[in-house]
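User: Could you take me through this model in some detail? I'd like to start with a quick check on one pairing, then have you dig into the metal site.

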Amino acid sequence: MEFVFLGTGAGIPAKQRNVSSLILQMNEERGASWMFDCGEATQHQILRTPVKTRKIEKIFITHLHGDHIYGLPGLLGSRSFQGGTEPLTIYGPIGIKEYVETSLRLSQTHLKYDLSFVEIVEDGLLFEDETFRVEVLPLDHAILSYGYRIVEKDKPGELRADLLKEAGIPPGPLYSKLKKGETVQLEDGRIINGRDYIGTPKPGRVIAILGDTRPCENTVNLALHAECIVHEATFQKGQEEMATDYFHSTTIQAAECAVKAGAKRLILTHISSRFTMDDEIELVNEAKAVFANTELARDFSVFKL
Ligand SMILES: [Zn+2]
Ligand SMILES: [Zn+2]
C-alpha cells in the first residue's frame, strides 16, 4: 500500500498546494485505489501522478466543505469519458448523494459505470469484505466531519512446505486443503491437521485518515495503535485559540493525537496557505518535538506503508 497525496492545502488552492485529496494505492492488496476527499482540480493533479482514475474503486468523503468535494463531479465524468466501466462507490455524510446526482443531472453527465452511494447513518462499521474493514466516527468541525479507520485483515500464515516434507507428506492437491486449515487423511492412513503446518498469520495494518477537526476523543479512537495517521494541521504551535475558533487543529494537537493513540507514524496535511514552503521545517519540527515520527505531506508526496 502507499499514499499518493494529490492535494495538501487548507480551504483554498495555493500555488504549491491544491485542496484536499488523497489516494490510497492498493495495487497488491486489491488491484485498486481508494480516494479520500476530492477537492477542486483533483483530476488535474492526478494527471501528474501514476494514479489511474478508472482504478479508483471507492471514494470516501470526510465532509461536505467545498475544498473536499468540488472536484468530484468532474472526476466522475472524466472517469467515464476515459473508459472507466468498473463500478464505483462513494461513502460520505448525508447530502453527498444529492450533491453529486444534482451536479451530474444538471450538467447532463451520463456515466458508463455504476455509481452507488453509502451515506453514513451510524457510527462504526461502514464497509467490510474479506481483506479490509472500514470504520467511521464523527469528529469536531464546523459541519459534520468524519474520520475513517481502515483495517487490513490479518493474512493467514503460509503453508510450511518444509515441515510437510519433513513429515513425509508429498506435495499435491492435498496441500491446498491443508492450507485452508482442513484435516485430511493420507493414503497410509495418517490423519493430518492443516493447522499444524501453517505459519503465524501476518497482522494487517491499520490506517486512520481524519477529516478536518478540532482535537477530540474520536481522532484518538480512530487512530488507536495505527500504523499511520493522516491528520490535518491547519495551524501551528501557539495558534491554538485560532484553531479552536475555526474548528481545526494545530501541528502540536495532531502530534498529541498520535501520542495518545499509541500510533507509529503521523503525516500532517491540510496546511494553511499562510505557510510557505520555507515554514515547513518549523511546522514539522514542532510536531516532532511531541511525536518523533512525524512527516509533512506535500502535493504529490508518496509514502510507502
Ligand atoms: Zn478543509
Ligand atoms: Zn472543513
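Which residue in S8 does Phe127 stand opposite? And after that, which residues hold the zinc ion (ligand 1)?

Analyst: Bear in mind that this is a predicted model. On the pairing, Phe127 sits across from Val134 in S8. The two strands involved are S7 (residues 124-128) and S8 (residues 132-138), which run antiparallel and are joined by four bridges. Three residues separate S7 from S8, and the two strands form a hairpin.

Now the metals. The zinc ion (ligand 1) takes its protein donors from Asp67 (OD), His68 (NE2), Asp212 (OD) and His270 (NE2), lying 2.2 Å from the ion. The angles among the four donor atoms run from 90 to 167 degrees, and the site comes out as irregular. Tetrahedral would need all angles between 85 and 135 degrees, so the 167 degrees rules that label out. Along the chain, the donor spacing reads D-H-x143-D-x57-H. His68 belongs to helix H3 (residues 66-69), while His270 is in the loop between strand S14 (266-269) and helix H11 (280-288), so this pair ties together parts that are 202 residues apart in sequence. Both of those histidines, His68 and His270, are buried.

There's a second metal to deal with as well. The zinc ion (ligand 2) lies 3.5 Å from the zinc ion (ligand 1), and Asp212 bridges the two. For the zinc ion (ligand 2), the coordinating residues are His63 (NE2), His65 (ND1), His141 (NE2) and Asp212 (OD), at 2.2 to 2.4 Å. Here too the site is irregular, with angles of 88 to 169 degrees among its four donor atoms. The sequence spacing of these donors is H-x1-H-x75-H-x70-D. His65 sits in the loop between strand S4 (56-60) and H3, and Asp212 in the loop between strand S12 (206-210) and helix H8 (217-223), so that pair ties together parts that are 147 residues apart in sequence. As for exposure, the bridging Asp212 is buried, at a relative accessible area of 2%, whereas His65 is partly exposed at 26%.

One last bit, on H11, since it bounds the loop that carries His270. Helix H10 (residues 251-261) packs on H11 at about 35 degrees, with the axes 8 Å apart, and the crossing is right-handed. H10 brings Thr251, Ile252 and Ala255 to the contact, and H11 brings Leu283, Glu286 and Ala287.

Terms used. Residues are numbered from 1 along each chain as its sequence is written. Chains are lettered from A and ligands numbered from 1 in the order in which they are written. This is a predicted model: local features need pLDDT of at least 70, side-chain atom pairs count only at pLDDT 80 or more; totals for chains, interfaces and linings use all residues. Side-chain values use heavy atoms; hydrogens and water are left out. Donors are N, O and S atoms within 2.8 Å of the metal (3.2 Å for Na, K and Ca); water is not among the atoms, so sites may look incomplete. Four donors count as tetrahedral if all angles lie between 85 and 135 degrees; four count as square planar and six as octahedral if opposite donors are over 155 degrees apart and all others between 65 and 115; anything else is irregular. Buried means under 20% relative accessible area, exposed over 50%, partly exposed in between (1.4 Å probe, protein chains only). Two strands pair if DSSP finds at least two bridges between them. Axes are lines fitted to C-alpha atoms, for helices over the stretch in contact, and angles run from 0 to 180 degrees between N-to-C directions. A crossing is left-handed if the near helix is turned anticlockwise from the far one by less than a right angle, and right-handed if clockwise. Contact means heavy atoms within 4.5 Å.
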